[in-house]
Amino acid sequence: MRESNLALVARTVAAAAPTHYSRADVAAATSMTRATASRLVDELVAGGVVDELDRPAPRRGRPATPLTLGSRIAALGLQIDAGFLAARVVNLRGEVLAEWVERVDVAALGPLTALRRLDAGGGDVLRRLPPGTGLVGARLALPGIVAVADGLLLRAPNLGWSDVRPADVLDTGTFADLTLTIGNEADLAARTVAERAPGQPGALPDFIYLSGEIGIGGAVVRDGTVITGPHGWAGEIGHVCVDPNGPSCPCGSTGCLERYAGRHTLLAAAGLPATAHPELLRDRVRAGDPTAGHAVAAAARALGVALASVINMFDVPTVVLGGHLGQIADLLCADLDEALRTRVLSARWVMPKIIAAGPGAAPGASGASGAAFAELATVIADPARWTSRATDVLPPGREESTGVHRDR
């Protein structure tokens with residue numbers, strides 16, 4: 001009962017944000033007595049899961065003490081994509097404490113070199129954390145089919161990787177004492193839209209998220225929860241066929257969505273180098289460049305074909321464009337609207353909304369933030385586990401310089 005009530009109080013404090021509940025507010029929201037709620041809050045404060053904020057200036061009587069989630073408990077989110085490596089530490093409030101992003105051709109590096117670079121970058125992030133930070137774990141966002149329980153990346157077509165177990169490298173390096181799990185990049189990135197911060201529901205409970213980089217990942221979110229399917233492989237919208245006679249795809253099929261709207265494909269069709277920033281594409285389209293305009297229109301039509309199928313099946317009201325798709329959402333919207341209006345059966349009554357994902361602290365690394373969110377969700381779901389089991393995160397001899405701790 002104690003563990004369940006601690007979790008209820010932690011969820012209540014988290015969900016109240018940006019409003020800050022007091023102990024009395026928690027008691028009212030949970031139907032607990034004030035004494036019980038106060039005792040549970042005290043325990044969470046002692047464990048660092050909840051922080052007390054400064055009391056407001058008094059008016060009449062003694063002002064209540066506002067509560068928020070703890071600033072010292074954090075998680076390490078890692079991300080591997082075809083075009084970059086990233087590491088980011090996020091605390092329970094959703095604040096980024098430290099981060100590292102390296103733009104690089106990951107496919108050219110190969111799994112071993114890429115994972116070693118990620119290990120080094122993650123180590124740099126951990127060394128820059130504020131003293132006393134408690135790490136609950138690490139999660140790695142990967143662009144492909146992931147067997148989460150086995151810790152295995154089964155296939156990532158745009159990386160050319162198959163049957164890669166990241167823990168074979170990362171568990172023997174910087175993260176040797178830190179529990180590492182893995183997940184699909186798009187699923188994890190979608191969490192940053194479903195939640196403003198760990199445990200804080202976002203403005204959109206139901207949406208389709210598209211993660212645009214070299215390829216295109218996707219996730220369907222219902223009531224704030226990502227639909228992953230029984231194997232965790234749902235959402236691979238980048239490999240939905242939009243034209244059976246279209247170009248071949250690294251996945252082995254033909255005419256996949258990402259062969260029209262993936263970043264490299266789109267830039268090449270616009271006559272731009274693969275390293276060009278989407279802003280340059282925008283400038284070309286606005287200047288009336290026909291090649292760039294035709295490339296964007298073709299990408300929007302392909303997106304419309306793929307998205308219409310998903311919307312017709314799942315009745316999802318909003319499309320959230322992330323990555324490079326979000327950066328050029330203004331260029332895509334007109335043609336994409338037209339395609340959805342034609343192909344979505346219910347569009348006559350409710351037209352799907354198309355919005356761009358909000359910018360992250362480091363562009364393109366929303367999967368790393370979502371990975372950290374997923375780890376921190378375990379603290380909110382079971383705070384008793386953290387409050388009773390906080391120990392050192394780094395090997396002996398490194399604690400004094402970093403002040404970082406972990407939950408074993």
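**Exercise 1. The end of helix α3**

Find the glycine that follows α3 and state the sign of its phi.

*Solution.* Step 1: go to the end of α3, a helix in the DSSP sense (helices are H or I runs of at least four residues, strands are E runs of at least two, both numbered from the N terminus). Step 2: the glycine that comes after α3 is Gly48, and its phi is positive, near 85 degrees.

Before going on, two notes on the model. It is predicted, so local features need pLDDT of at least 70 and side-chain atom pairs count only at pLDDT 80 or more, while totals for chains, interfaces and linings use all residues. Residues are numbered from 1 along each chain as its sequence is written, and side-chain values use heavy atoms, with hydrogens and water left out.

**Exercise 2. The two sides of α3**

Work out which residues of α3 are buried, which exposed residues sit on the face turned away from them, and what covers the buried ones.

*Solution.* Step 1: check the length. α3 covers residues 34-46, 13 residues in total, and its first and last C-alpha atoms are 18 Å apart, close to the expected 18 Å (1.5 Å times one less than the number of residues).

Step 2: sort by accessibility (buried is under 20% relative accessible area, exposed is over 50%, partly exposed lies in between, with a 1.4 Å probe and protein chains only). Ala37, Leu40, Val41 and Leu44 come out as buried.

Step 3: look down the axis. The buried residues of α3 fall within an arc of 100 degrees, so they line one face of the helix; the arc is that of the directions from the helix axis to the C-beta atoms. The general background is that an α-helix has 3.6 residues a turn, so residues three or four places apart point the same way.

Step 4: turn to the face pointing away from the buried side, where the exposed residues Ala35 and Ala46 are found.

Step 5: list the cover, using contacts (heavy atoms within 4.5 Å). It includes α1 (2-16), α2 (23-30), β1 (50-52), β2 (67-69) and α15 (383-387).

**Exercise 3. From α10 into the largest core**

Identify the buried residues of α10, then place Leu281 in the largest nonpolar core.

*Solution.* Step 1: in α10 (residues 278-286), Pro278, Leu281 and Arg282 are buried. Seen down the axis of α10, they fall within an arc of 100 degrees, so they line one face of the helix.

Step 2: these residues pack against α9, α11, α12 (323-327) and α13. After α10 comes Gly288, with a positive phi near 90 degrees.

Step 3: move to the core (a set of buried Ala, Val, Leu, Ile, Met, Phe, Trp, Tyr and Cys residues joined through side-chain atoms within 4.5 Å). The largest one has 40 residues, and Leu281 is among those that touch the most other members, together with Leu210, Leu257, Leu303, Leu307 and Leu332. The elements supplying at least two residues each include β13 (207-212), α9 (263-269) and α13 (329-343). The biggest contribution, 13 residues, is from α11.

Step 4: list the contacts of Leu281. Leaving out residues up to four places away in sequence, it touches Leu266, Leu267, Ala270, Leu272, Ala292, Val296, Ile328 and Leu331. A second, separate core holds 36 residues, including Leu76 and Val146.

**Exercise 4. Unusual backbone angles**

Locate Ser31 and Asp163, and describe the peptide bond between Ala17 and Pro18.

*Solution.* Step 1: recall the background. Most residues other than glycine have a negative phi, and most peptide bonds are trans.

Step 2: Ser31 lies in the loop between α2 and α3. Its phi is positive, about 65 degrees, although it is not a glycine, and at 70% relative accessibility it counts as exposed.

Step 3: Asp163 belongs to strand β9 (residues 161-164). It is not a glycine either, yet has a positive phi of about 55 degrees; with a relative accessible area of 56%, Asp163 is exposed.

Step 4: the bond joining Ala17 and Pro18 is cis, with omega about 10 degrees. Pro18 is in the loop between α1 and α2.

**Exercise 5. A buried threonine**

Is Thr318 buried or exposed, and which residues does it touch?

*Solution.* Step 1: Thr318 is in strand β16. Step 2: its relative accessible area is 7%, which makes it buried. Step 3: not counting residues up to four places away in sequence, Thr318 touches Leu204, Asp206, Phe207, Ile208, Lys353 and Ile355.
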